[in-house]
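Reader: Hi! I'm in my first year and still learning to read structures. Could you take me slowly through one part of this one, the sheet in chain A?

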Amino acid sequence: MKPTWLLEVKNLVKEFGGVVATADISLELEAGSIVGLIGPNGAGKTTLFNCIAGYYKPTTGKVFFNGKDITDWPAHRVAKMGIARTFQTMKIMPNLTVEENVMIGAFSRTGNRQIARGEAQEILELVGLVREAKVYPTELPIATQKRIELARALATKPKLLMLDEIASGLNPLETKETIQALQRIKEERNLTLFLTEHVMEFIMTISERVIVMAAGRKIAEGTPEEVAREDKVIEAYLGKRYAKGK
Amino acid sequence: MELATQLITSGILMGFVFALIALGLSLIFGVMNIVNFAHGEFLMVGMYVALLVSSYLPLDPLASLPFAAVIGFLLGIISYHFLIHHILRGPMIAQLFGTFGLMLFIRYLVMFIFGPDVRSLPHGILVGKTLSVGWVMLDASKVMAAGFCLLLFALVYWIINRTKLGRALRATSLDAEAARYMGIDTKKMNALAWGIGGATVGIAGALLAHFYYITPTIGMVFVLIAFATVALGGFGSISGAFLAGVIIGLIQAVGGQYLSELKLTFVYAAYFLTVVFRPRGLFGW
Amino acid sequence: MVQVLKDIFSFGDRPLSERIGFVIFIAIVLAFPWFVELAYARAVMIRFLLFALFGLGWNLIGGYGGQVDLGQAKNVGFGAFTTALMTVWWKTPFWLTVPVGMVVATAESFVVAYPMFRLRGHYFAIATLCVALVWKELFTFWDWTGGARGVEIPLKAGADFAYMQFPSPIYYHYFIFFLFITQFLYMNWFRKSKLGYELQAVRDNEEAAASLGINVTVTKVKAYCITAALGAVGGSFMVAYYLYIDPHMVMHIDLSILIAMTVMVGGAGSIWGPIIGAAILIPLDMYLGAWLGGMGLYGIDFMIYAFIIMIIAAREPKGIWGIVERIRKRG
């Protein structure tokens, strides 16, 4: 019997008043995999994320999660279904402490504050933010704030975690630590990771499979090595001259 | 038939006045995205200027128009410089209650100086006179007010759309940062928007004083009508403010005929429906 | 169950200095009528507690929710008119009218909330203003609610606990204090509840809140309806205390603005904000304002208040409590 994909996107098109942001994208994610999404700026990666996560309604096409059609579902319903995401621009809650930020995520699965706090404590330990629990996020550096967003997303006990440029702005050491932390978290929490990224060392190292987008379309798919060698991919990033040269 | 013409004419005339009142609000919103709750108080100040001029100078209240314009302009610029400029960078909530504070301050300052009593203009060429055009009887002061408002509206419209200064203002409304990069002094543009807003609504106040009662608390009534007008026309759209002003004028004229105690209610209800079902209004962004 | 009680009464997350300060405040308020016999001072204290009560309710949607509602007076009016009319028409005892008033306010709020929450920021604020205005005009226009003349409550002799009418302000003082402390403890529980946290998340960042499973609109609607119910209670009190209400008194836009401003000056989103705000406004209005008004000088009290508002807007949007916390952090 064919295994059901965790996430299936079928012929997704998203238009904004005549401008086509994503055109006919299809992809499948297997449960337990780590898949990266790369592509030059404006390729439509974040639009794709937003369509899957329920922030945009696709113009046409379908999104299936665990076999269920979630195409037109609003963001909060998608989250409750088990898809969590982080954001490219910081969306920290500045008037809540780090712990409270993470508790918000936990509250999606419980109505009890004690339980939510317990969950939050557990996650804070997992990402290494226990000392910062009672601090307000605006007092912390951006790299730490990214971890808070990650912790918050994890607290919703997702099956699929979508990370939008989580490695941007990190130095090589932090990037390596993030990769290790994510791999550990993925194993411990039995997650599937879908990441989009510009930092190549990060995404090519962590991903088992990579999907490449350009100008709203999928142009390549495969292991990181396969994809890095494809002419189309090089062309998308560096232009025709370099692709031919390779 | 006669009633209909009467209502429509009087509605359109008041509409021109509302349009001018709304103009300043729309301009300020367009240029710096702030809703000026104190707008009605600037109008009220214009009314008191007319009162002062006609009471203490041997002049007809019509002569108070330039005074009202200057004082309104200064009030706008001073408000910008001392308060608005500092709250522009803050959260929206702070902007909201900043202009509220300004509103209360001006209102109670006037109340302190003039007392809370209701007043009216002591005399005037056009106060209390009626005109008949065909079978329509019109308040002479309303006709004059409407005429001036129309003229002024056209003047400001011309300034905004046909002069270099107006172009700078429009550029700032569209994209303040880009305007700055092009060498436009956005701070001056902001102040100017407040100045023009204050001047136009000050003149409107001086005109209104000819046929409306003058009291420190009258500002609230008109700022709400102004909001309704700006919302209907579209926040930021000058031509929208004109069309919407006329529509609101007609609504309150017709509504006032059938249920005069509720005529403002119709305006507020119109505002609510607009803002909920078509937030962009007729022409706005 | 024990946890709920603990949540209501515990202020464990606030520093000791605040807890002690609060206890002192409560002690002063409770002892007040026994030490102060001046009728005017007692009236000021009652009005202070009433506005603190109004502020507590508004703080839910305005402070913890971050939605600036400029129409709370309509809810005060719903509570007031429900109590007044039920008393006059059906001789209903006071405490039975209160929940009915709350239901009326909640029901109306539920209906208008969905269309209104399609709006954000100042558009939302102005819409709330409009709705409240329309209601005030309607209540002034309608004959069955007494129109502009309002409703007068028949006087009862002696202390009447069924209608909450009393010969001495001491009773009213404890009456309003009871209402105040009830809503205060409710807010203490609310801010730690799931809805309380989710509301704050929505206030701070709607998109992020949605990504965490929070239905933003439903959360806002719930908060708006609860605030309405809380506001109605204050309206009911006004009937028992003033023995007369009319639309101008209980549904006026100035009341809405005052309630909102008071909380924002004190510190919206903090549990102490409404108390601080009322503590500044009421004495300012009733002492300075009344004294100067007696001399024919009107408006200075509100000029001062407006000045405070403008300074707070420009320097510390989190209000006076925000200033306190900023100082605390630095020191």
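Author: Happy to: we will go through the sheet of chain A, and then look briefly at where that chain touches a neighbour. Keep in mind that this is a predicted model.

Start with the strand order. The sheet is open and has 6 strands, arranged β6-β7-β8-β3-β9-β10 in chain A, and the pairing is mixed. In general, strands of a sheet pair through backbone hydrogen bonds, either parallel or antiparallel. At the edges of this sheet you will find β6 (83-85) and β10 (217-222) of chain A; each has a single partner strand, so one side of each is left without a neighbour in the sheet. On average, neighbouring strands here are turned by 20° against each other, direction ignored.

Now zoom in on one pair. β3 (residues 34-38) and β8 (residues 192-196) of chain A run parallel, joined over 4 bridges. If you want one spot to click on, try A:Val35, whose bridge partner in β8(A) is A:Phe194.

Next, look for a helix that goes with the sheet. α9 (residues 231-238) of chain A lies across β9 (209-214) and β10 of chain A, and its direction is at about 130° to β10(A).

Finally, step out to the neighbour. Chain A gives 23 residues to its contact with chain C, and chain C gives 18 residues. On the chain A side, the elements that supply two or more residues are α2 (75-81), α3 (98-106) and α4 (113-127). That side of chain A is made up of 10 nonpolar, 7 polar and 6 charged residues.

Methods. Residues numbered from 1 in each chain as written. Chains lettered and ligands numbered in written order. Predicted model: local features only at pLDDT ≥ 70, side-chain atom pairs only at ≥ 80, totals over all residues. Contact = placed C-beta atoms within 7 Å. Nonpolar A, V, L, I, M, F, W, Y, C, P; charged D, E, K, R; others polar. Pairing = 2+ DSSP bridges. Axes fitted to C-alpha atoms, helices over the stretch in contact; angles between N-to-C directions.
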